[in-house]
Amino acid sequence: MSTARIDTDSLTLSLASDPRDDTVLDHRPAIVSGTMFGHYRVLEPLADGGMGMVFLGEDTRLGRKVALKFLHQRFLGDASAVPRFFAEALAAARISHPGTVSVFDYGSLDTGSYLVMEYLAGESLGARIEREGRLPIARVVAIGIELAHTLAAAHEAGVIHRDLKPSNIHLVPDPAGSGHEFVKVLDFGIAKLLASKGPPLTQQGDMLGTPFYMAPEQTFDPSTVDHRCDIYSLGCVLYQLVTGNVPFRGSLIEILMAHQRLKPMPPSSFDAAIPPALDALILRMMAKSREGRPGSMAEVVSELSSIQESGHRAEGKLAGAQPLSLRQGMAVVGFLVGLGLVEVGLRYLASLL
Ligand SMILES: Nc1ncnc2c1ncn2[C@@H]1O[C@H](COP(=O)(O)OP(=O)(O)O)[C@@H](O)[C@H]1O
Ligand SMILES: [Mg+2]
């Protein structure tokens with residue numbers, strides 16, 4: 001059995017310092033607001049990720065805002081870190097889909113290695129969940145469809161993400177002000193480029209990814225990983241979005257073992273309003289064996305789309321139903337009170353008025 005190296009960086013996200021805290025800049029003296037990297041100017045810190053620190057920046061030649069990601073100083077002595085860091089740019093360039101972030105440039109200077117990306121307004125899905133908890137079911141289904149479309153395009157381009165999680169998903173408000181949010185997949189930093197001619201970017205046996213969302217084979221049999229690990233992780237993300245809970249909690253080892261051995265509680269056990277088809281799909285996406293999962297992201301799109309359509313149909317029926325007259329409503333209130341359901345009756349009465 002291969003020995004797994006645990007990527008503790010991905011575990012530290014929730015403990016990471018507040019990106020707006022100036023002390024973050026203090027211990028990274030090379031990267032402070034105003035620093036120039038080639039023709040890119042650093043403006044302000046945005047977030048701290050597993051591999052790099054992300055800043056708002058400016059492309060001084062084109063005069064536009066960009067996002068600049070710098071490889072963490074702690075990777076300085078790690079020879080494989082820079083090619084892995086740049087792999088994100090190559091993976092993103094391969095996909096070129098509106099659901100991924102565009103990477104414009106990358107390079108290394110004395111002071112460090114950097115990626116230049118399209119700047120995304122809005123916030124990460126991780127930040128959103130932290131603020132709002134679980135999301136409405138219809139919203140989860142819509143986000144799931146967008147994510148599955150994007151990942152289908154990635155898989156078609158021969159790229160497996162391998163680290164899908166809420167902090168690697170960004171919600172971008174429609175600049176036209178429609179209120180719609182676009183969903184972007186970020187951080188192809190540990191993506192696997194299939195049939196890549198370059199040197200291997202991870203050693204065999206490396207365990208990369210984030211335990212809460214990680215398919216069992218990523219820990220226990222990494223050489224067999226294929227696109228279905230992203231299906232598993234997307235299942236875990238949808239589980240969290242719809243229930244407010246990650247599927248498994250505990251110590252790192254307990255979480256990893258749970259992914260391999262334990263059945264998650266069905267999402268519907270947290271909320272009976274979760275449609276059975278969504279409940280079943282999420283559990284199937286999280287099947288322990290790859291063969292038990294939907295075969296492709298296209299299949300996930302199609303199943304989520306039918307769940308969405310059934311939801312629309314049910315909504316239409318509700319909207320089309322004739323409202324009760326006040327007299328009929330009062331009869332229902334009387335009936336409920338007669339059954340001893342006084343509080344339910346009063347709440348119903350309040351909804352009528
Ligand atoms: N292009 C971008 N525009 C705005 N914010 C970004 C952008 N890219 C990343 N971020 C923010 O930075 C965080 C870390 O970025 P990520 O690419 O996941 O880095 P890491 O590889 O270090 O995990 C994300 O969760 C997101 O909040
Ligand atoms: Mg990340």
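## A walk through two sheets and a shared ligand

Let's start at one pair of residues: V66 stands opposite E118 of strand β6. Keep in mind as you look around that this is a predicted model.

That pair belongs to the contact between β4 and β6, which pair in the antiparallel sense over five bridges. On the other flank, β4 (residues 64-71) meets β3 (residues 52-59), again antiparallel, and here eight bridges join the two strands. One spot to look for is D59, which sits opposite R64 of β4. β3 and β4 make a hairpin with four residues between them, and G63 in the turn has a positive phi of about 65°. β4 is also mostly covered, with six of its eight residues buried.

Now step back to see the whole sheet. Six strands build an open, antiparallel sheet, and their order is β1-β2-β3-β4-β6-β5. β1 (36-37) and β5 (103-109) stand at the edges with a single partner strand each, so one side of each has no neighbour in the sheet. If you follow the side chains along the strands, it helps to remember that in a regular strand they alternate between the two faces of the sheet. Helix α2 (residues 81-95) lies across β3, β4, β5 and β6 (112-118), and runs at about 160° to β5.

Further along the chain there is another sheet to visit. Three strands form it, in the order β7-β9-β10, and this sheet is open and antiparallel too. Its edge strands are β7 (123-124) and β10 (181-185), each of which pairs on one side only. Between β9 (residues 169-173) and β10 you will find five bridges in an antiparallel arrangement; within this pairing, H170 has K184 of β10 as its bridge partner. Helix α4 (residues 137-156) packs on this sheet, touching β9 and β10, and its direction makes about 40° with that of β10.

Where does ligand 1 lie with respect to domain 1 and domain 2? Domain 1 (2-10 + 27-118) and domain 2 (123-313) both give residues to the shell around ligand 1, so the ligand lies between them. In total, 21 residues surround ligand 1, and the closest are A47, G49, M51, A67 and D187. The strands we began with return here: β2 (40-48), β3, β4 and β6 each supply at least two residues of the shell. As for chemical character, the shell around ligand 1 divides into 10 nonpolar, eight polar and three charged residues.

How values were computed:
Residues numbered from 1 in each chain as written. Chains lettered and ligands numbered in written order. Predicted model: local features only at pLDDT ≥ 70, side-chain atom pairs only at ≥ 80, totals over all residues. Pairing = 2+ DSSP bridges. Contact = placed C-beta atoms within 7 Å. Axes fitted to C-alpha atoms, helices over the stretch in contact; angles between N-to-C directions. Near = placed C-beta within 6 Å. Nonpolar A, V, L, I, M, F, W, Y, C, P; charged D, E, K, R; others polar. Domains from an automatic or database assignment. Buried ≥ 20, exposed ≤ 12 C-beta atoms within 10 Å, placed from the backbone.
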